[in-house]
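The following exercises are to be worked through with the sequence and the structure in view. Each task is followed by a solution in steps.

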Amino acid sequence: FVAKLRALGADIELVSLPEEREGAEITPSQPSPAALVELWDDLLKTHDGVLYLPMTSGLSSSYATACSMAQDYDGKVAVVNTRRISVPLCQAVLDARVLASSGLSLDEIHARLEEKALCSSVYITPTTLEYLKKGGRVTPAAAAIGMVLNIKPVLQIQGGGVDAFAKVRGMKQATEKMFAALDHDLETRFAGKNVRIFAAYSGDPSVGEDWKAKMEARYGERFVRIDHLALNVCCHTGPGTIGLGCAEIVE
């Protein structure tokens, strides 16, 4: 993902994290309005328009804030209600790049992306309930019982917020549940559509290697890539989280 964004001209620096990560308090924050305005102003010095793709409005006020600020730019800044996060959002960025290279206008690209905004599906399972408890999404009592019984919540993102999808015993059953859910989506909602299948994870690289092998064994050439789970997701789910999903290509 980082390599792709660098190829598009993004200035990205990777920072090593300290080894002492257990129990760290991590919270998400939307981009600073001042920093966003500065970025847009700089881009408009050399470009005719700016297409801004924040994370889904169902999980952040970033979209609403950006829309309010864009009103001062006389149509030169278009803010997309992406309804996506993490890897599906990355795919929307790549789709926007292709659409721009085909000669479509800013308004046309904006319309195409919003038309397909809901055409993605994501399933996520954390290995621990600790971070969901910290974020208030699971009560301390439920987290304690769940950890004792090895309960794993399977979460879903279908264009809005993060919703509960299922509760199972252990990561093996969680993996099977996510595979079954994605298979159903591919056979119904996305049947006959041009889609990308992907996976994501947080934590140790060995988690990603194991998850990648499972995805390749299941989907073969249909499986596109595996990425690190976006920080605005894994700060709520913790290390060791795995996810999979698909997104329809915007054409």
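**Exercise 1: Two residues with positive phi**

R83 is partly exposed, since its relative accessible area is 27%; buried means under 20% relative accessible area, exposed over 50% and partly exposed in between (1.4 Å probe, protein chains only). The model is predicted, so that local features need pLDDT of at least 70 and side-chain atom pairs count only at pLDDT 80 or more, while totals for chains, interfaces and linings use all residues. Residues are numbered from 1 along each chain as its sequence is written, and side-chain values use heavy atoms, with hydrogens and water left out.

Task: state where R83 and D74 lie, and give the phi of each.

Solution.
- Step 1. R83 is located in the loop between β2 and α4 (86-101). Helices (H or I, at least four residues) and strands (E, at least two) are DSSP runs, numbered from the N terminus.
- Step 2. The phi of R83 is near 55 degrees, which is positive although the residue is not glycine.
- Step 3. D74 belongs to the loop between α3 and β2. Its phi, about 50 degrees, is likewise positive in a residue that is not a glycine.
- Step 4. D74 counts as exposed because its relative accessible area is 71%.

**Exercise 2: The chain as a whole**

Task: determine how many helices and strands the protein chain has, and what share of its residues is buried.

Solution.
- Step 1. The protein chain holds 10 helices and eight strands.
- Step 2. Of its 251 residues, 43% are buried.
- Step 3. Contact means heavy atoms within 4.5 Å. Among contacts between residues at least 6 apart in sequence, 74% join residues at least 24 apart.

**Exercise 3: Aromatic pairs**

Task: classify the ring pair of W40 and Y73, then that of F179 and Y219.

Solution.
- Step 1. A pair of aromatic rings is described by the distance of the centres and the angle of the planes. Rings of Phe, Tyr and Trp (its six-membered ring) pair if their centres lie within 6.5 Å; planes under 30 degrees apart count as stacked, over 60 as edge-to-face and the rest as tilted.
- Step 2. This rule yields five aromatic pairs. In one of them, W40 and Y73 are 5.5 Å apart centre to centre with 85 degrees between the planes, an edge-to-face arrangement.
- Step 3. That pair joins distant parts of the chain, 33 residues apart: W40 is in helix α2 (residues 33-43) and Y73 is in the loop between α3 (62-70) and β2 (77-79).
- Step 4. Both rings belong to buried residues: W40 has a relative accessible area of 0%, and Y73 one of 13%.
- Step 5. For F179 and Y219 the ring centres are 6.0 Å apart and the planes stand at 65 degrees, so this pair is edge-to-face. It links F179 in helix α8 (residues 170-187) with Y219 in helix α9 (residues 205-219), distant parts of the chain 40 residues apart.
- Step 6. F179 is buried at a relative accessible area of 7%, and Y219 is buried at 6%.
- Step 7. W40 and Y73 also belong, with Y52, to one aromatic cluster.

**Exercise 4: Two helix contacts**

Task: describe how α2 packs with α3, and how α8 packs with α9.

Solution.
- Step 1. Axes are lines fitted to C-alpha atoms, for helices over the stretch in contact, and angles run from 0 to 180 degrees between N-to-C directions. The axes of α2 and α3 are 11 Å apart, at an angle of about 50 degrees.
- Step 2. α2 and α3 are therefore oblique to each other; angles under 35 degrees count as roughly parallel, over 145 as roughly antiparallel, 65 to 115 as roughly perpendicular and the rest as oblique.
- Step 3. P33, L36, V37 and W40 of α2 make the contact with T65, A66, M69 and A70 of α3.
- Step 4. The residues of this contact of α2 with α3 comprise seven nonpolar, one polar and no charged. Here Ala, Val, Leu, Ile, Met, Phe, Trp, Tyr, Cys and Pro count as nonpolar, Asp, Glu, Lys and Arg as charged, and the others, Gly among them, as polar.
- Step 5. The axes of α8 and α9 are 13 Å apart, at an angle of about 40 degrees, which makes α8 oblique to α9.
- Step 6. On the α8 side the contact includes F179, and on the α9 side it includes Y219. The residues of the contact of α8 with α9 divide into eight nonpolar, one polar and three charged.
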